[in-house]
Each structure stands twice: as C-alpha cells, then as structure tokens.
2 protein chains.
Amino acid sequence: MMRKSIKGRAAPEDLPAALHRLETLCRERGQRLTRQRRAVVRQLLAADRALSAYELLERLRPEDGRATAASIYRTLDFLMELGVVHRLESKRSFILCRHPQAPHRVQFLICRSCGEVIEAEDARLAAATERLGDRLGFALDQRIVELTGLCGRCRTREAGPS
Amino acid sequence: MMRKSIKGRAAPEDLPAALHRLETLCRERGQRLTRQRRAVVRQLLAADRALSAYELLERLRPEDGRATAASIYRTLDFLMELGVVHRLESKRSFILCRHPQAPHRVQFLICRSCGEVIEAEDARLAAATERLGDRLGFALDQRIVELTGLCGRCRTREAGPS
DNA sequence: GGCGGAATTGATACAAAGTATCATCAGGTG
DNA sequence: CACCTGATGATACTTTGTATCAATTCCGCC
C-alpha cells in the first residue's frame with residue numbers, strides 16, 4: 001500500500017483526482033471543461049516536473065496534432081486563474097499545483113541540478129511578505145517566491161565523489 | 001539642499017557615485033571597465049525604473065549605434081554578477097541596485113499600475129526564506145521575491161475618482 | 001605614450017517565448 | 001438536438017534571449 005510519495009513531501013494527486021478537481025472548479029465558476037484543459041492537466045501531472053509551454057505543446061501533439069502555442073498559453077492562463085497550475089517565473093515554465101485544497105500563498109524551491117520543484121506553504125514566510133507589503137503601503141495581489149539552489153540529494157551527490 | 005528623494009525611501013545614487021562604485025568593483029575583481037558597462041549603468045540610473053533589455057538597447061543607440069542585443073545581455077549578466085543590477089523575473093526587465101553598500105537579500109515590490117519598483121531589504125523575510133531552505137534541505141544560491149500590487153499612491157488614486 | 005593579448009564587443013543568424021486577429025468549432029444549457 | 005457563447009485553430013507576428021566567430025578595446029606593462 002502507498003507506493004508513491006517516497007519523498008516524504010506532499011503526494012501528487014492521481015489523475016482522476018486532478019481531473020475531478022478541475023471539473024468541480026469549472027462548474028463552480030460556470031466555466032467550460034474542455035478537452036484541451038483536461039489534456040494539459042493530464043500532461044503536467046504525467047511529467048511530474050515543470051514544463052515550458054512549448055514542451056507541453058510537444059507532449060500534446062500525439063493526442064492533439066492541431067494544438068498551437070496560442071491556445072496552450074490561453075489554457076495555461078485559464079488554469080492559473082483557477083489555481084490549478086502555477087507559473088515558475090524564473091524558469092519560464094508551468095507546474096501543476098500541489099496544494100489543491102485551498103487558496104494559498106506558496107513558495108517554490110527549485111533544484112538547479114536535478115530540476116526538482118518543491119511547492120512549499122510556509123506560514124511564517126507568507127506572513128512576512130504580507131507585513132512587508134503593508135509596511136510599504138502596497139495592496140498585494142501576487143506574491144512570487146522562488147528559491148533556487150541544490151536540493152539535499154544533489155548536495156550530497158556533488159559533495160561525495162571520491 | 002537635498003532636492004531628490006522626495007519619496008521617503010532610499011535615495012538613488014547620483015551618476016558619479018554609481019560609476020565610481022562600478023569602477024571599484026571592477027578593480028577589486030580584476031574585471032574590465034568598458035564603455036558599454038558604464039553606459040548601461042548610466043541609462044538604468046537615468047531611467048529610474050526597470051527597463052527591458054531591448055528598451056535599454058534603444059536608449060543606448062543614440063550614443064552607441066552599434067550596440068546589439070547580444071552584447072546588452074552580456075553586459076547585464078556581468079553587472080548582475082557584480083550585484084550592480086537586478087533582474088525582475090516577473091517583468092523580464094532590469095533595474096539598478098539601490099542597496100549598493102553590501103551583499104544583500106532583497107525583495108521587490110512592483111506596482112502594476114504605475115510600474116514603480118521598490119527594492120526592500122527586510123531581514124525577517126530574508127530570515128524566513130533561509131529557514132525554509134534549511135528545513136527542506138536546500139543550499140540556496142538565489143532568492144527571488146517579487147510582490148506585485150498597487151502602491152499607496154495608485155491605491156488612493158484608483159479609489160478616489162468621484 | 002605605445003604594445004601586446006586576453007577579454008569584450010560587433011555582426012549575423014537563429015531559437016525560444018509569447019501575443020493578436022479572425023475564422024471555425026464544440027460544451028453545455030434549454 | 002439545436003443554439004450560441006466561449007474556446008480553439010490557423011496564421012502571422014513581436015519580444016526575449018543565445019550561439020558563433022571576427023573585429024576591437026581595455027589595461028598592465030615597458
């Protein structure tokens with residue numbers, strides 16, 4: 001039992017769960033659930049890493065030879081609006097949200113060696129960003145926190161060669 | 001006396017100070033101080049806002065008709081390495097560093113209405129990012145914090161029209 | 001002040017990322 | 001199952017960023 005999630009952090013949703021969430025959100029907001037929206041979620045889940053819009057496009061080609069960059073970007077915009085997809089600004093790429101449950105203030109940790117992306121939800125860090133916004137009189141509507149470095153595994157691997 | 005810096009936040013350096021800093025840093029590191037490097041610093045200071053690489057290129061044209069995108073990007077990379085220029089990932093643009101004194105963990109607040117960019121240096125927020133990195137086993141080498149919203153002035157302006 | 005040579009820039013071409021426009025198609029309501 | 005609005009397709013284009021190699025320039029040294 002429980003073969004996934006070896007890593008100790010949030011287990012990825014499986015495909016039915018992800019699609020069901022998408023469907024629910026679309027209904028709630030009276031938005032259409034289209035073939036392409038489902039396909040993008042499916043591919044991002046299958047990739048299990050951040051993909052650029054054009055990488056995503058390539059992966060959609062086998063099942064939908066007529067997809068174009070323009071529509072991929074529209075679909076990604078839509079999914080980001082729903083909160084189902086996040087954009088990694090520093091990598092110009094997109095990743096499936098790992099905290100499906102609620103609205104959230106997330107932070108990303110990105111390993112520059114293996115490319116792993118961890119989506120964190122650190123309350124203290126989130127609170128600190130809000131305070132800073134307040135202090136400087138800003139009404140924030142977007143908080144980008146992307147921390148890049150070496151993940152634990154890559155760190156030991158890079159240190160370790162004899 | 002003291003006519004600049006009406007805004008109550010860090011006064012921008014003047015041009016001689018900025019160029020002098022650039023010169024010092026180049027000497028210290030045995031790097032060349034070139035015409036283009038000076039010109040980029042001068043234009044970013046004059047703009048007093050974030051510029052895209054191509055905006056910068058246009059502004060360099062009058063004084064250097066042969067500058068190209070490639071060399072602008074190389075120069076910007078160099079200046080970022082020195083810590084003299086920062087890149088705003090979420091705006092794909094570049095801005096002069098406002099905290100010349102030392103190595104730093106900065107955060108940006110960006111007004112989506114007027115485009116103003118404030119470079120903050122909030123110790124608590126910085127500490128929270130470090131803790132998060134530690135907690136997840138990351139050796140961080142880059143911290144991107146970009147908070148977007150409405151600045152105080154734009155907020156009152158947008159609220160206020162009769 | 002001029003020389004030498006590595007570092008920087010110039011020129012060119014190209015790749016990658018993202019957007020605008022308008023015609024066509026399809027999701028979901030009745 | 002027809003309708004019609006919102007989504008996608010097709011196409012062309014803009015913006016952003018990089019690779020390569022030749023020409024130039026900075027700067028330590030004499």
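So, the two domains of chain A: their centres, taken over C-alpha atoms, are separated by 23 Å. Bear in mind that this is a predicted model. Domain 1 of chain A covers 15–96, and domain 2 of chain A covers 107–159. Eight residues from domain 1 and seven residues from domain 2 make the contact.

How much area do domain 1 and domain 2 of chain A bury between them? About 640 Å², with 60% of it on carbon and sulfur atoms. You'll find zero salt bridges between these two domains, but there are three residue pairs in polar contact across their interface. On the side of domain 1 that touches domain 2, β1 (85–88) and β2 (93–96) of chain A each give two or more residues. β1(A) gives the most, with three residues. By class, that side of domain 1 has three nonpolar, two polar and three charged residues.

Now let's turn to the DNA. Strand C is surrounded by 21 residues, and the closest are A:Tyr54, A:Tyr73, A:Arg87, B:Thr34 and B:Arg92. Have a look at the phosphate oxygens of strand C with me. A polar side-chain atom of B:Thr34 lies 2.5 Å from one, A:Tyr73 places a polar side-chain atom 2.7 Å from a phosphate oxygen, and for B:Arg92 the distance is 2.9 Å.

Which elements give two or more residues to the surface near strand C? They are α4 (69–82) of chain A, together with α2 (35–47) and α4 (69–82) of chain B. The largest share, four residues, comes from α4(B). That surface divides into six nonpolar, five polar and 10 charged residues. And of the strand C atoms within 4 Å of the protein, 55% belong to sugar or phosphate, with the rest in bases.

Technical notes. Residues are numbered from 1 along each chain as its sequence is written. Chains are lettered from A and ligands numbered from 1 in the order in which they are written. This is a predicted model: local features need pLDDT of at least 70, side-chain atom pairs count only at pLDDT 80 or more; totals for chains, interfaces and linings use all residues. Side-chain values use heavy atoms; hydrogens and water are left out. Domain bounds come from an automatic or database domain assignment. Contact means heavy atoms within 4.5 Å. Buried area is the accessible area (1.4 Å probe) that two parts lose on being put together, summed over both. A salt bridge is a side-chain nitrogen of Lys or Arg within 4 Å of a carboxyl oxygen of Asp or Glu. A polar contact is a pair of N or O atoms within 3.5 Å; within protein, one must be able to donate a hydrogen and the other to accept it, and residues adjacent in sequence count only if both atoms are side-chain atoms. Ala, Val, Leu, Ile, Met, Phe, Trp, Tyr, Cys and Pro count as nonpolar, Asp, Glu, Lys and Arg as charged, and the others, Gly among them, as polar. A residue is near a molecule or strand if one of its heavy atoms lies within 4 Å of it.
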